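Open your viewer, load the model and keep the selection box handy. We will go from the whole chain down to single side chains, one selection at a time.

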Amino acid sequence: QAGPASGVSPTSEILRFRDSSMGARREDQAVKGVWADQPRLGFVVDGRAEGSGQWTLDEHGFALLSGRASVVRREAFLEHPQGNLDGPLGEYHQEVVDMARSLVPSAEEVRVMYHFVRRASAGPPAGREAQGAPPKIAESRAHQVPPKDPMSKAHQVVSGMILNLNYACFFPADYLDGMARQLHLEGAAGEEAFLRESVASQALPLDANKYALMPAASAELQKEVLALLRDDADYAYIATARQAVPKPAAGAGTEQRRGASAEMLSAAMGVHTDVSAKGWEAQFRQLCPLTSGLGSVAAGSKRRVMLLKFWRGINPDTPIVNHHLALLDKRTVGSDELEEIEIDFKGMLIKQYRLSNGTTERHRWVYFLGMQHDEVICFVQGDLTLRSAGPAEITFPRERQDHATFHTAFEDPGAPQGVPPRESVEVAVCVFFPEEAEGDGKQL
């Protein structure tokens with residue numbers, strides 16, 4: 001590739017380059033885009049210049065949706081920077097479900113997993129992380145205890161409840177505050193109330209709690225689970241819960257939590273996928289244990305399950321002019337370039353992919369200049385298939401670049417000065433395809 005031409009605005013630069021990506025070879029094609037050095041991506045193609053509608057999940061790993069204005073106010077996003085379906089942003093979550101169904105009309109079910117509100121950082125990370133190098137892995141371990149008796153439903157439930165504690169940061173603020181008071185401030189009575197409420201929530205019918213680990217459980221099963229949570233030293237549930245839910249600071253409460261925009265994650269400026277294939281399998285099993293209705297398939301059948309992310313700006317008055325989201329066209333990535341690493345995110349160990357040799361000239365990065373409030377990027381972050389050959393058999397696409405789409409935020413060297421920081425929301429959605437017979441191969 002040629003370098004940036006002098007005297008040409010980076011945001012409107014025309015690059016003549018040789019496209020040797022997968023598919024038909026196109027030489028000396030004029031392409032509009034921008035040079036990105038933080039992180040070092042090289043030339044990033046403006047996806048609008050080639051037609052916004054040409055980008056598809058199956059072929060490229062991402063798509064742009066237009067005409068999707070949200071009724072949710074910017075202030076609501078800022079007040080609730082993270083959460084799950086039960087939080088106060090349920091209305092926006094339903095909008096995302098509708099978007100997912102428009103992309104995957106054959107979906108049997110769509111579940112929102114969580115959301116994050118992000119604000120652009122003041123600057124990029126320094127050193128090798130700015131070029132996509134793996135971060136240092138923290139020493140702490142995620143909360144995970146396998147069932148002591150794998151054949152026991154009660155032990156399976158307790159193990160699943162411990163896994164759920166890894167996601168405490170996604171719980172609604174009101175619920176977190178109540179947990180913190182019970183675990184740290186209310187003594188033995190608070191602990192007992194916490195245990196009983198936890199068991200009761202896991203025993204709700206699925207129409208009341210889609211994520212219940214023992215829906216409509218018998219009184220006997222609930223009693224057995226309660227005893228294990230209370231008395232089994234190997235599970236140490238109370239101690240683990242206290243680690244996952246910190247003691248509340250003096251005077252801190254729900255409103256303080258909700259107004260703490262400082263809790264928002266800064267723009268992620270390092271090339272990565274959110275999860276690897278194994279990372280997606282771990283998240284899926286937390287969402288859908290073997291005992292859940294969508295966690296297994298009938299004999300001779302299979303079910304595809306995808307993790308999709310939906311990303312947009314939340315300020316209706318300002319388009320995105322810097323810290324754009326760049327996505328790597330999966331056709332230009334080879335399976336041998338993916339390196340799996342493990343990072344510690346708020347006490348959770350998450351397996352991700354990084355590019356083993358960083359960005360190369362073969363890679364084609366794409367962004368969408370000046371994204372408006374009614375535009376949304378959808379990109380793939382997980383793809384697996386449940387099969388009936390074994391109770392826990394899960395397979396992944398043969399080509400590793402089909403597992404998830406690499407992405408990052410980047411600084412636009414031609415962005416105007418003094419513009420408001422980029423504010424965006426990212427929602428994770430689990431899409432369940434209909435169960436079908438082995439041998440069928442339907443795509444998006």
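What follows is a walk through this predicted model, from overall features to individual contacts.

**Stop 1: the whole protein**

Start with a cartoon of everything. The protein contains 10 helices and 17 strands. Now colour by accessibility: of the 444 residues, 52% are buried. With the surface switched on, you are looking at about 19600 Å² of accessible area, and carbon and sulfur atoms hold 51% of it. If you draw a contact map, count the contacts with a separation of 6 or more: 77% of them link residues 24 or more positions apart.

**Stop 2: the largest nonpolar core**

In soluble globular proteins, nonpolar side chains tend to be buried together. To see this here, select Phe77, Tyr92, Leu308, Phe310, Val429 and Val431 and show them as sticks; within the largest nonpolar core, which has 30 residues, these touch the most other members. Next, highlight the elements that give two or more residues to this core: β4 (62–65), α2 (74–79), α3 (90–103), β6 (109–119), β8 (301–313), β13 (376–387) and β16 (423–432). The largest share, 5 residues, comes from α3.

Centre on Leu308 and show what surrounds it. Beyond its neighbours within four places in sequence, Leu308 is in contact with Leu57, Val104, Cys378, Phe379, Val380, Val427, Ala428, Val429 and Val431. Before leaving, note that there is a second, separate core of 29 residues, with Ala168, Leu195, Leu221 and Ala241 among its members.

**Stop 3: strand β4**

Select 62–65. Which residues of β4 are buried on each side? Phe62 and Leu64 are buried on one face, and Ala63 and Leu65 are buried on the other, so that both faces are covered, as befits side chains that alternate. In a regular strand the side chains alternate between the two faces of the sheet. Add β13 to the view: β4 pairs with β13 in the antiparallel sense, over 4 bridges. One pair to pick out is Phe62 and its bridge partner in β13, Phe379.

**Stop 4: helix α3**

Now select 90–103. How far apart are the end C-alpha atoms of α3? They are 20 Å apart, which agrees with the 20 Å expected because 14 residues are counted at 1.5 Å a residue. Show the buried residues of α3 as sticks: Tyr92, His93, Glu95, Val96, Val97, Met99 and Ala100. These pack against β4, α2, β6, β8, β13 and β16.

Zoom in on His93, which sits in this helix. His93 counts as buried because its relative accessible area is 1%, under the 20% cut-off. Add His115 to the selection, and you will find a polar contact of 3.1 Å between the two side chains.

**Stop 5: helix α4**

Move on to residues 153–164. The 12 residues of α4 should span 16 Å at 1.5 Å a residue, and the distance between its end C-alpha atoms, 16 Å, agrees. Is this helix mostly covered or mostly uncovered? It is mostly covered, with 9 of the 12 residues of α4 buried. Select those: Ala154, His155, Val157, Val158, Ser159, Gly160, Met161, Ile162 and Asn164. To see their packing partners, bring up α6 (187–202), α7 (219–231), α8 (237–244) and α10 (277–287). At the start of the helix, look for Ser152: one of its side-chain oxygens comes within 3.3 Å of the backbone nitrogen of Ala154.

Then centre on Ser159, a residue of α4. Its relative accessibility is 8%, so Ser159 counts as buried. Leaving out residues up to four places away in sequence, Ser159 touches Val145, Pro146 and Pro147. For a distance check, pick the C-alpha atoms of Ser159 and Leu229: they are 9.8 Å apart in space and 70 residues apart in sequence.

**Stop 6: Asp274**

The last selection is Asp274, in the loop between β7 (265–266) and α10. Which side chains make polar contacts with the side chain of Asp274? His272 does so at 3.3 Å, and His407 at 3.2 Å. At a relative accessible area of 14%, Asp274 is buried. Expand the selection past four places in sequence, and the residues touching Asp274 are Lys309, Ile350, Lys351, Gln352, Gln381, His407 and Glu426.

Key. Residues numbered from 1 in each chain as written. Predicted model: local features only at pLDDT ≥ 70, side-chain atom pairs only at ≥ 80, totals over all residues. Heavy atoms only, no water. Buried < 20%, exposed > 50% of the residue type's maximum accessible area, 1.4 Å probe, protein only. Contact = heavy atoms within 4.5 Å. Areas by Shrake-Rupley, 256 points an atom, 1.4 Å probe, with all protein chains shown as cover. Core = buried A, V, L, I, M, F, W, Y, C linked by side-chain atoms within 4.5 Å. Expected span 1.5 Å × (residues − 1). Polar contact = N/O pair within 3.5 Å; in protein donor to acceptor, adjacent residues only side chain to side chain. Pairing = 2+ DSSP bridges.
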